[in-house]
Amino acid sequence: MAHLTAAASALAVLPRLNRRVVHWGKTFHCSSLTKRHSNSLLFGTTSRSRLSSLVSSAPVGNNVGSTEVLQEEAMKSYSWPDKKRPRVCILGGGFGGLYTALRLESLTWPEDKKPQVMLVDQSERFVFKPMLYELLTGEVDAWEIAPRFSDLLVSTGVQFLRDRVKVLSPCDHPGTNGPNVSGCGGTVQLESGLVIEYDWLVLSLGAEPKLDIIPGAVEFALPFSTLDDALKVNDKLTKLERENFGKAKPIRVVVVGLGYSGVELAATVSERLEGKGVVQAISFDSSILPTAPPGNKEAALKVLNSRKVELLLGYLVRRIGKSGDFTTSVDQSDVAAKENNPEQLVLEVQPTEKGAKTQLLEADLVLWTVGNKPLLPQLEPNGWPFELPVTGRGQAETDETLQVKGHPRIFAVGDSSALRDPKGKMLPATAQVAFQQADFAGWNIWAAINNRPLLPFRFQNLGEMMVLGRYDAAITPSFIEGLTLEGPIGHAGCNPLHHLTTTDLYI
């Protein structure tokens with residue numbers, strides 16, 4: 001425990017926010033609108049200025065809900081309050097973005113060099129994604145796991161702007177004769193039309209579920225990545241429970257994917273249904289949690305088996321649709337024999353074993369946990385002879401200091417960053433990695449502004465944890481080989497951290 005205690009003390013510069021999610025298991029494998037500062041948000045109009053209008057803030061991906069934001073028909077420039085101090089723009093307010101902002105706020109700066117920090121996110125709330133599962137069990141309310149950025153940042157100098165990134169125009173590529181924007185590092189154009197000049201930029205835009213992998217997933221499957229996703233799933237389960245009350249037919253839920261998210265979701269939903277439903281979980285791999293330590297894998301299997309979750313290992317989902325769509329291409333006797341309902345959701349699954357027969361699975365609810373795509377902004381299409389170096393997954397390639405290769409004024413953390421450890425293994429896209437990268441990114445921006453050497457990022461794996469419902473969890477710390485705390489004991493290890501009120505989260 002000394003190792004964890006030392007790690008926790010290193011987080012003391014951050015707000016009490018980390019005590020709920022980051023400290024302990026949620027810093028392991030981790031499977032929020034602003035208060036209007038009218039005296040600070042000053043807008044300088046351009047020659048193309050036109051009348052502004054209020055429009056609905058359309059969601060990205062599958063996020064739902066809308067709020068009104070200021071939309072300009074023409075671009076306007078954001079006027080930073082201080083014309084001399086450095087300007088840092090952070091795109092994305094997840095673990096990486098928020099904690100980079102707070103790290104910059106916590107450091108000691110020469111008075112004339114303390115940067116002005118702008119945090120931009122499309123949501124008004126910071127979401128504790130590792131605790132979304134507990135929303136389904138009723139252990140927490142939405143406000144507890146999704147505090148507003150305005151509340152979290154109220155006692156800091158960090159500005160928050162709710163908007164979405166449209167175009168990025170960097171000006172820091174060595175040897176490039178691109179346009180010089182007041183000697184800055186570049187500009188960010190937001191969907192509202194606002195243009196922000198920056199000296200330093202942090203990409204922390206996270207990722208969104210990739211549902212367009214197979215036909216029908218976009219239309220019929222629900223992801224589980226955002227607060228809106230979790231609320232949708234909770235509402236759907238509640239509706240199904242009411243509709244099926246007193247009926248013999250069970251609720252059928254299919255979870256696609258058996259990584260950490262899929263396993264936690266299958267365990268949570270199966271516990272909630274408590275015999276009122278059947279949960280099937282599908283994985284392309286021949287085992288669950290292919291990258292997890294053995295202790296976590298074994299603990300998860302015990303829980304899933306005890307809750308009668310049907311595991312379909314070594315299966316590939318080919319398409320999702322309604323029963324009426326499967327009348328010709330596949331023998332649907334298994335479905336048709338149960339109920340002649342053309343609106344019934346059906347999954348076509350193909351075993352990876354050669355020669356095995358395709359199956360059809362009925363479902364009242366399909367939950368999708370496979371595949372993510374990073375949300376990097378597009379570059380200004382102006383013919384400059386460079387681009388952001390991006391991997392096949394869509395992540396920005398960075399060097400050891402977390403600077404995007406070829407762009408010394410841009411840092412990338414979390415899902416936006418592609419970085420390998422000293423052994424050449426790609427770092428996982430987890431909150432633990434994003435949080436640690438935020439610490440280094442904040443420090444390296446400080447070092448760059450103060451002409452000090454930048455530090456290479458080194459990931460320190462503290463272990464992995466997963467919550468498997470209201471009373472089960474599995475914790476495998478990295479510093480004690482072979483140790484796994486599981487079941488009620490594992491849950492008790494993290495339980496006190498799960499039930500702090502949001503008053504403990506604020507700075």
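# Exercises on a predicted model

Arg87 lies in strand β5 (residues 87-91). The structure is a predicted model, and the exercises start from this residue.

## Exercise 1. The surroundings of Arg87

Task: decide whether Arg87 is buried or exposed, and state which residues Arg87 is in contact with.

Solution.

Step 1. The relative accessible area of Arg87 is 14%. Buried means under 20%, so Arg87 is buried.

Step 2. Leaving aside neighbours within four places in sequence, the contacts of Arg87 are Trp80, Gln116, Cys184, Glu197, Tyr198, Asp199 and Trp200.

Step 3. With Glu197, the side chain of Arg87 makes a polar contact of 3.1 Å.

Step 4. Tyr198, one of the residues in contact with Arg87, belongs to a core of 21 residues that also includes Tyr78, Val404 and Ile410. That core is separate from the largest one, which is treated next.

## Exercise 2. The largest nonpolar core

Task: find how many residues the largest nonpolar core has and which have the most contacts inside it. Then state which helix gives the most to this core.

Solution.

Step 1. The core has 80 residues, and Val253, Val263 and Val269 have the most contacts inside it.

Step 2. Helix α12 (residues 431-449) gives the most, with twelve residues.

Step 3. For Val269, residues up to four places away in sequence are not counted; Val269 then touches Leu136, Leu237, Val253, Val279 and Leu367.

Step 4. As background, nonpolar side chains tend to be buried together in soluble globular proteins.

## Exercise 3. The parallel sheet

Task: give the order of the strands in the five-stranded open sheet, and trace the pairing outward from β14.

Solution.

Step 1. The order is β13-β20-β14-β15-β16, with parallel pairing. The edge strands, each pairing on one side only, are β13 (221-223) and β16. From one strand to the next the twist averages 25°.

Step 2. On one side, β14 is joined to strand β20 (residues 365-368) by four bridges. Val254 has Val366 as its bridge partner in β20.

Step 3. Strand β14 (residues 251-256) also pairs with β15, over six bridges and in the parallel sense. Here Val253 has Val279 as its bridge partner; both of these valines are touched by Val269.

Step 4. Strand β15 (residues 277-283) has five of its seven residues buried. Four bridges connect β15 with strand β16 (residues 310-313), again in the parallel sense. Gln280 has Glu310 as its bridge partner in β16.

## Exercise 4. Helices and crossovers

Task: name the helices that complete the β-α-β units containing β15, and describe how α8 and α9 lie on the sheet.

Solution.

Step 1. Helix α9 (residues 260-273) connects with β14 and β15 in a right-handed β-α-β unit.

Step 2. Helix α10 (residues 294-306) makes a right-handed β-α-β unit with β15 and β16.

Step 3. Helix α8 (residues 227-243) lies across β13, β14 and β20, at about 160° to β20.

Step 4. Helix α9 packs on the sheet and touches β14, β15 and β20. The direction of α9 makes about 170° with that of β15.

## Exercise 5. The antiparallel sheet

Task: state in which order three strands form an open sheet, and which residue of β18 stands opposite Arg319.

Solution.

Step 1. The order is β17-β18-β19, and the pairing is antiparallel.

Step 2. The edge strands are β17 (315-322) and β19 (359-363), each of which pairs on one side only. Direction ignored, neighbouring strands are turned by 25° against each other on average.

Step 3. Seven bridges join β17 to strand β18 (residues 345-351). Opposite Arg319 stands Glu348 in β18.

## Exercise 6. Positive phi outside glycine

Task: locate Lys308 and Asn451, give the phi of Lys308 and of Asn451, and decide whether Lys308 and Asn451 are buried or exposed.

Solution.

Step 1. Most residues other than glycine have a negative phi.

Step 2. Lys308 is not a glycine but has a positive phi of about 60°. Lys308 sits in the loop between α10 and β16. The relative accessible area of Lys308 is 70%, so this residue is exposed.

Step 3. Asn451, also not a glycine, has a positive phi of about 55°. Asn451 is placed in the loop between α12 and β26 (463-467). Its relative accessibility is 66%, so Asn451 counts as exposed.

How values were computed: Residues are numbered from 1 along each chain as its sequence is written. Side-chain values use heavy atoms; hydrogens and water are left out. A nonpolar core is a set of buried Ala, Val, Leu, Ile, Met, Phe, Trp, Tyr and Cys residues joined through side-chain atoms within 4.5 Å. Buried means under 20% relative accessible area, exposed over 50%, partly exposed in between (1.4 Å probe, protein chains only). Helices (H or I, at least four residues) and strands (E, at least two) are DSSP runs, numbered from the N terminus. Contact means heavy atoms within 4.5 Å. Two strands pair if DSSP finds at least two bridges between them. A crossover is right-handed if, with the strands pointing away from the viewer, the path from the first strand over the helix to the second runs clockwise. Axes are lines fitted to C-alpha atoms, for helices over the stretch in contact, and angles run from 0 to 180 degrees between N-to-C directions. A polar contact is a pair of N or O atoms within 3.5 Å; within protein, one must be able to donate a hydrogen and the other to accept it, and residues adjacent in sequence count only if both atoms are side-chain atoms.
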